[in-house]
Amino acid sequence: MTVLSKFPYLRQDFLASIVVFLVAVPLCVGVAVASGVPAELGLVTGIVGGIVTGLMPGSSLQVSGPAAGLTVLVFEAVSEFGVATLGVIVLMAGLLQLAMGFLGIGRWFRAISVSVVEGMLCGIGLVIIAGQIYAAAGLKAPQSGIDKIVGLPGAFADALGDTEALASLAIGVGTIAVIVLWKKLPKAVQSVPGALAAVVLATVTSLAFSLPVATVQVEGLLSVVQPPGAEAFGELAGPAIWGTIIAFALISSAESLFSAAAVDRLHDGPRTQYDKETIAQGTGNTVCGLLGALPMTAVIVRSSANVNAGAKTKASRVLHGVWLLLFAAAMPWALALIPIPALAGILVHAGWKLIPFRQIGALWRGHRGEALILVVTAVAIVTVNMFEGVLIGLALSVVKTAWAASHLKMEVIDKGAGPIQVYLSGNATFLRLPKILDSLESLPQDRPIVLDLSGLHHLDHACRTALDSWAERHSTSGTEPVKLTSP
């Protein structure tokens, strides 16, 4: 039996793993620096996410590592408790995630609205594009998503007056151009991923012309790996740290499972097993905690790059972890050759692919309420953050569903003589109660009324109480009381 017959997708997974590796490097380094810890700790988390979590069942094509969504929370935790205590926080958060997975809490995330998922992809894509444009120009990006977008005109103005920034931006733009145009080349050439070809060309160009562009800077990993000591575990005696631990566990789990729902929409392979994915994420964070590294979540940018690069099995994400370990531990000099604007170009292209242009148009034509939820979710992610943006989208989705479920039809038949017939059909809930009462109270009080509720599929307690109260007080003296026919 040959290797290819035993692993039929080895070639696709191998090439996809290289693309994911190239996308993961700037994310691992950038998230670590923004979190206020050494860059190498981000790479450690990426390695664990690839090799440990990658080997576990759950979501076969989803890729885990340090996430931008936790940056602010990690920075605050490090500022308050110190880098030495970060490992304990991540370790305990991982154990909580394991408990959530074994208790079956993860499966509830299967109920996420499609519009919310598409809105999440759109919002993350916009934030990635805006942030990486700064990186492509060699400029420092603002912290918040909205500041990144608002500051783009000023960033372009600054870049136009700076020769080094223009050179850096040219490398980034050239990388995107190669990725886009690569798909127009013969199929034989396309067997090499466009992102890989773009990075190789960008590296060769920057070296050949000695362009003044920034490159990835990584030192040894062993010096930064510091398992938490007894003093760090002693912090668990204080109540303050537990709020941070619970926040880490909940946000990490939510972002990972929201991402899983989004990744499932990008491919036709096996669907995510949510409880097993929660256990996989918990295992990864437990290991990261023992190594004193950053917390991990599943990352939609890496995951979408994995799918778009043609990955078929979990081998691609495991191999990406192997490449991170190999280059960061044994060959940091090789990473130092890669221009950062080239990696930024890959991320800009990945962010663009996340924006669901066709879905927005289709929803607007057929389901404008769903289109509104998508747009609001995306805007909320850009202006606030991913976790709260998704919660806002979910809240809107619940409100819309409740409103649609309360569809009610009222028919009034008045033949001029005899009782007035009022028929209610559909679902009578508190959301429609004001309209129901306005219509009933406009009926004449000196005529007998028959209120037929037999056509209702659902009558909630608030409506039933209000209708009984209206029936008791409506008729004037000498008029027959309102007759109610129960549903």
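What share of the 487 residues in the protein is buried? In this predicted model, buried residues make up 51% of the chain. The protein exposes about 22,300 Å². Carbon and sulfur atoms supply 66% of that area.

The secondary structure comes to 23 helices and 6 strands. The C-alpha atoms fill a box of roughly 100 × 60 × 55 Å along the principal axes. Among contacts with a separation of 6 or more, 79% join residues 24 or more positions apart. The protein carries 29 positive and 29 negative charges. The mean positions of these two sets are 13 Å apart.

Confidence was examined next. The mean pLDDT of the protein is 82. A value of 70 or more is reached by 96% of the residues. Among the elements, helix α14 (residues 274-290) has the highest mean pLDDT, at 91. The lowest mean, 52, belongs to helix α1 (residues 3-6).

Two residues serve to describe how helices α5 and α14 are placed. Glutamine 97 is found in helix α5, which spans residues 83-102. Its relative accessibility is 1%, so glutamine 97 counts as buried. Beyond its neighbours within four places in sequence, glutamine 97 is in contact with seven residues that can be listed in full: Ala249, Ser252, Ser253, Thr278, Gln281, Gly282 and Asn285. Threonine 286 is found in helix α14. With 14% relative accessibility, threonine 286 also counts as buried, because the cut-off for burial is under 20%. Leaving aside neighbours within four places, threonine 286 is in contact with Leu91, Gly94, Leu95 and Leu98.

Helix α20 (residues 368-383) was followed through two positions. Alanine 380 is found in this helix. Alanine 380 has a relative accessible area of 7% and is therefore buried. Its contacts, apart from neighbours within four places in sequence, are Asn385, Gly389 and Ile392. Alanine 380 and arginine 358 are 22 residues apart in sequence. In space, their C-alpha atoms are 21 Å apart. Valine 376 has its place in helix α20 too. Its relative accessible area is 26%, so valine 376 is partly exposed. Valine 376 touches Ile392 and Leu396, not counting residues up to four places away in sequence. Ile392 thus appears in the contacts of alanine 380 and in those of valine 376. Valine 376 and valine 116 are 260 residues apart in sequence. Their C-alpha atoms are 9.0 Å apart in space.

Helix α12 (230-234) follows a loop that begins after helix α11 (194-208). Glycine 234 lies in helix α12. At 45% relative accessibility, glycine 234 counts as partly exposed. Glycine 234 and methionine 56 are 178 residues apart in sequence. The C-alpha atoms of this pair are 31 Å apart in space.

The loop between α11 and α12 holds serine 210. Most residues other than glycine have a negative phi. The phi of serine 210 is near 50°, a positive value in a residue other than glycine. Serine 210 has a relative accessibility of 62% and so counts as exposed.

Aromatic rings were considered last. The count comes to 3 aromatic pairs. One of them is formed by tryptophan 352 and phenylalanine 357. The ring centres of this pair are 4.9 Å apart. The angle between the planes is 45°, and the pair is tilted. Why is it neither stacked nor edge-to-face? Stacked planes are under 30 degrees apart and edge-to-face planes over 60, so the rest count as tilted. Tryptophan 352 counts as exposed, because its relative accessibility is 51% and the cut-off for exposure is over 50%. Phenylalanine 357 has a relative accessible area of 46% and is therefore partly exposed.

Notes. Residues numbered from 1 in each chain as written. Predicted model: local features only at pLDDT ≥ 70, side-chain atom pairs only at ≥ 80, totals over all residues. Heavy atoms only, no water. Helix = DSSP H or I, 4+ residues; strand = E, 2+ residues; numbered from the N terminus. Buried < 20%, exposed > 50% of the residue type's maximum accessible area, 1.4 Å probe, protein only. Contact = heavy atoms within 4.5 Å. Areas by Shrake-Rupley, 256 points an atom, 1.4 Å probe, with all protein chains shown as cover. Lys, Arg positive; Asp, Glu negative; His and termini not counted. Charge placed at Lys NZ, Arg CZ, Asp CG, Glu CD. pLDDT = per-residue confidence, 0-100. Phe/Tyr/Trp six-rings, centres within 6.5 Å; stacked < 30°, edge-to-face > 60°.
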